[in-house]
Amino acid sequence: MHRRLFLKGLVSIGIASSMAAPKIAMAGGMLDPMTSKLAGSLFYTMEAPGRWAGKESGHVPMIERSGNMIEVTTGHEMDGYTHYIVKHILLDEHLEFVAETMFDPETDAPISTYDISGMNNALYMVSLCNKHDAWLNRRAL
Ligand SMILES: [Fe+2]
């Protein structure tokens, strides 16, 4: 695919408004990823499971807060390298990367903890399954 056509495609689905700022944005501010048309196609949520309907409870990362810490759990089996949660990714309210935790499917449970001191308004968490793609959840702060 030609670069120009690829970039035009990204702009048309709201991923890139320019080469310099490839963020999910639209005129007037941020597009809410949880309700965008990307939910259910590029990634999945509890409300938009797309082609993975029925797999929500085992893939959406659940976020519990205690003070300045959060514990994130994905209710998914860890079946060795056959089927497992690869990682959790913490994003800030602007969808900027903050931290991630990689999991060893032979020894780890898909549980991670993060210090959210300094984060404001909201956070996003991604849980990545090796078979069922990326699942997004949001928590207001
Ligand atoms: Fe899965």
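How many bridges join S8 to strand S9, and do the two run parallel or antiparallel? Keep that in mind while you set up the view; the reply comes at the third stop. One thing before we start: this is a predicted model.

**Start with the whole chain**

Show the chain as a cartoon and colour it by secondary structure. You will find one helix and nine strands, and reading along the sequence gives the pattern α-β-β-β-β-β-β-β-β-β. Of the 141 residues, 39% are buried. Among contacts with a separation of 6 or more, 52% come from residues 24 or more positions apart. If you switch on a surface, the chain exposes about 8100 Å², with carbon and sulfur atoms supplying 54% of it.

**First stop: the iron ion**

Select the iron ion and show His59, His76, His83, Cys129 and His132 as sticks. These are its protein donors, through NE2 of His59, His76 and His83, SG of Cys129 and ND1 of His132, and they lie 2.1 to 2.4 Å from the ion. Along the sequence, the donor residues follow the spacing H-x16-H-x6-H-x45-C-x2-H. Now keep just His76 and Cys129 highlighted. His76 sits in the loop between strand S4 (69-73) and strand S5 (85-91), while Cys129 belongs to strand S8 (residues 122-129), so this pair ties together parts that are 53 residues apart in sequence. Both are covered: His76 is buried at a relative accessible area of 10%, and Cys129 is buried at 3%.

**Second stop: the hairpin of S5 and S6**

Next, select S5 together with strand S6 (residues 97-102). The two run antiparallel and are joined by five bridges. Pick Leu90 and look across to S6, where Ala99 is its bridge partner. Then move to the turn of this hairpin, which has five residues between the strands; there Leu95 takes a positive phi near 65 degrees.

**Third stop: S8 and S9**

Back to the opening question. Select S8 and strand S9 (residues 133-140): eight bridges join them, and they run antiparallel. A hairpin links S8 to S9 through three residues. Cys129, one of the iron donors, turns up again here, with Asp133 as its bridge partner in S9.

**Fourth stop: Ile116**

Centre the view on Ile116, in the loop between strand S7 (111-115) and S8. Is Ile116 buried or exposed? At 2% relative accessibility, Ile116 counts as buried. Leaving aside neighbours within four places in sequence, select what Ile116 is in contact with: Arg65, Asn68, Met69, Ile70, Leu90, Leu123 and Leu141. You have already met Leu90, the partner of Ala99 in S6. If you draw a distance from Ile116 to Leu141, which is 25 residues away along the chain, the C-alpha atoms are separated by 9.5 Å.

**Last stop: the aromatic pairs**

Finally, show the aromatic side chains; the structure holds two aromatic pairs. Select Tyr44 and Trp135 to begin with. Their ring centres are 5.4 Å apart and their planes meet at 40 degrees, so the pair is tilted. Tyr44 lies in the loop between strand S2 (29-30) and strand S3 (62-66), and Trp135 in strand S9, so the pair ties together parts that are 91 residues apart in sequence. Tyr44 and Trp135 are both buried.

Then select Tyr81 and Tyr84, an edge-to-face pair with 5.5 Å centre to centre and 80 degrees between the planes. Tyr81 counts as exposed at 51% relative accessibility, whereas Tyr84 counts as buried at 12%.

Definitions and conventions: Residues are numbered from 1 along each chain as its sequence is written. This is a predicted model: local features need pLDDT of at least 70, side-chain atom pairs count only at pLDDT 80 or more; totals for chains, interfaces and linings use all residues. Side-chain values use heavy atoms; hydrogens and water are left out. Donors are N, O and S atoms within 2.8 Å of the metal (3.2 Å for Na, K and Ca); water is not among the atoms, so sites may look incomplete. Helices (H or I, at least four residues) and strands (E, at least two) are DSSP runs, numbered from the N terminus. Buried means under 20% relative accessible area, exposed over 50%, partly exposed in between (1.4 Å probe, protein chains only). Two strands pair if DSSP finds at least two bridges between them. Contact means heavy atoms within 4.5 Å. Rings of Phe, Tyr and Trp (its six-membered ring) pair if their centres lie within 6.5 Å; planes under 30 degrees apart count as stacked, over 60 as edge-to-face and the rest as tilted. Accessible areas come from the Shrake-Rupley method with a 1.4 Å probe; for residues, only the protein chains shown count as cover.
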